[in-house]
Amino acid sequence: MAQTDNTRQNAQHKATLKAAHRKKHGTPHTTTLRRTLRREAPSTVGLLVDAQDFAAMRRYGTFPFDDHTVYLQQVEALLKALTAQGVHITVALFDPEDYEEFCAESGLDADTGASRSRFTAEIAAAGATVAYTGQGIDDLIPVLVSRAVRQATWEYATLLLADLGTCADCGQDIGRAAFDRASHLLMRLLETAGPGTHHLVCSVPTDNDQLLAVLHTHRDSTGPARLDSAEGAEFATVLAVAVALESRGGVVLRTSAPDSPDRVHGWRLAHGGLAPLTAGEVFNAYCTDADTGEPVSPESGVEYCAGFDIGAEPPESHH
């Protein structure tokens with residue numbers, strides 16, 4: 001009888017332990033469901049890309065790293081570990097100055113991991129990000145920096161256009177009209193460029209900075225050019241600044257096609273249109289160092305060609 005009681009007590013004890021375990025960890029089924037949800041919940045990692053930004057974060061006592069190289073190694077290990085779990089990861093550029101401003105405006109203590117996490121979520125929603133696809137950290141950083149520069153350029157150009165207001169003569173929004181005109185010029189340029197892989201650069205000087213926009217497209221022998229819509233909008237916005245401000249903006253087109261040398265063409269902005277450069281002007285622009293003005297050796301296998309007429313309609317009005 002005593003043995004029976006002991007057996008019953010042991011069984012009850014085991015059942016109690018199992019119930020406690022299920023309460024804490026869930027049943028095997030619920031645990032599997034949680035793991036599935038975890039894989040489907042995206043993660044965002046804020047990255048300090050250079051030593052200067054890293055040094056700025058070291059003033060916070062809760063920031064656990066003291067060596068930038070080790071920090072980058074740990075971030076790369078984290079990215080790989082999350083990827084191995086099937087988690088989609090977005091990497092965002094973490095700027096210490098923006099972080100400090102964010103915490104001040106939000107009333108947050110900047111020296112907490114929770115604040116850093118919240119800021120990372122904010123920049124992931126509106127800032128420059130790159131999807132992690134398994135690339136090394138040394139390959140990831142230049143792409144992320146380039147994305148951040150592109151976004152900053154687009155935001156600055158958008159503000160410039162927005163501040164122009166309306167035309168005193170016709171009441172038209174000058175920035176909107178300039179963007180529409182730039183979009184027309186871009187579409188005509190892509191249509192007349194013909195088949196091939198095209199790399200376009202738009203350079204626009206302003207009072208405070210030199211704006212640059214880059215666009216990559218490809219066009220088959222039939223059909224329209226294929227381009228990224230975000231890149232196209234950024235390019236048109238920077239080009240619109242040149243149109244609106246009547247600046248000395250310029251556009252360069254480099255076309256690559258199989259079994260033929262690359263061809264480079266160029267245009268300058270003039271009276272709301274793209275005026276073709278001569279072959280000599282294109283050569284000088286491409287073979288001169290922009291910072292020093294010194295000559296640069298021309299690339300082999302590249303033809304420097306005059307710009308061509310893109311057949312754009314004349315502007316409807318001149319502001």
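Glu-231 is buried, its relative accessible area coming to just 12%. That places the residue below the 20% cut-off used for burial. This is a predicted model, and Glu-231 is a handy way into its charged pairs. Its partner is Arg-150, and the salt bridge between the two has its closest N and O atoms 3.9 Å apart. Since Arg-150 belongs to helix 7 and Glu-231 to helix 9, the pair ties together parts of the chain that sit 81 residues apart in sequence. Arg-150 itself counts as partly exposed, because its relative accessibility is 25%. The pair doesn't stand alone, either: Glu-234 joins Arg-150 and Glu-231 in a network of salt bridges.

Arg-150 and Glu-234 turn up again around the largest cavity, which they line together with Thr-153, Trp-154, Leu-212, Ala-213, Val-214 and Val-238. Three elements give two or more residues each to this lining, namely helix 7 (137–162), strand 5 and helix 9 (229–245). So what is the mix of residue classes in the lining of the largest cavity? Five of the residues are nonpolar, one is polar and two are charged. The volume here is about 50 Å³, and the count of cavities of 30 Å³ or more comes to one.

Back to the salt bridges, of which the model has 10. One of them pairs Arg-188 with Glu-191, with 2.4 Å between the closest N and O atoms. Both residues lie in helix 8 (residues 174–192), and the three-residue spacing between them is about one turn of the helix. Arg-188 has a relative accessibility of 22%, so it counts as partly exposed. Glu-191 falls into the partly exposed class as well, because its value is 45%. Another salt bridge links Arg-226 to Asp-220, where the closest N and O atoms are 2.9 Å apart. Arg-226 is partly exposed at a relative accessible area of 47%, and Asp-220 is partly exposed too, at 34%.

Asp-53 is a charged residue without such a partner. Which side chain of opposite charge is nearest to Asp-53, and how far away is it? It is Arg-59, at 9.0 Å, and Asp-53 is buried yet has no salt bridge. With a salt bridge requiring a nitrogen-to-oxygen distance within 4 Å, that gap is too wide to qualify. Asp-53 sits in helix 3 (residues 51–57). Leaving aside residues up to four places away in sequence, Asp-53 touches Leu-48, Phe-94 and Pro-96.

That leaves the open space. The largest pocket has a volume of about 600 Å³. Its lining runs to 22 residues, and those closest to the pocket centre are Ser-203, Gln-210, Gly-250, Val-252 and Ala-285. Several elements supply two or more residues each: strand 4 (196–205), strand 5 (210–219), strand 7 (250–256), strand 8 (262–270) and helix 10 (279–286). Strand 7 gives the most to this lining, with five residues. As for residue classes, the pocket lining divides into 12 nonpolar, eight polar and two charged residues. Strand 5 is worth a second look, as it features in the pocket lining and also gives two or more residues to the lining of the largest cavity.

Notes. Residues numbered from 1 in each chain as written. Predicted model: local features only at pLDDT ≥ 70, side-chain atom pairs only at ≥ 80, totals over all residues. Heavy atoms only, no water. 1 Å grid on protein atoms, 1.4 Å probe; cavity = no way out; pocket = protein on both sides within 12 Å on 5 of 7 lines; lining within 4 Å. Points joined across faces, edges and corners; volume = space filled by probe spheres on them. Helix = DSSP H or I, 4+ residues; strand = E, 2+ residues; numbered from the N terminus. Nonpolar A, V, L, I, M, F, W, Y, C, P; charged D, E, K, R; others polar. Buried < 20%, exposed > 50% of the residue type's maximum accessible area, 1.4 Å probe, protein only. Lys, Arg positive; Asp, Glu negative; His and termini not counted. Contact = heavy atoms within 4.5 Å.
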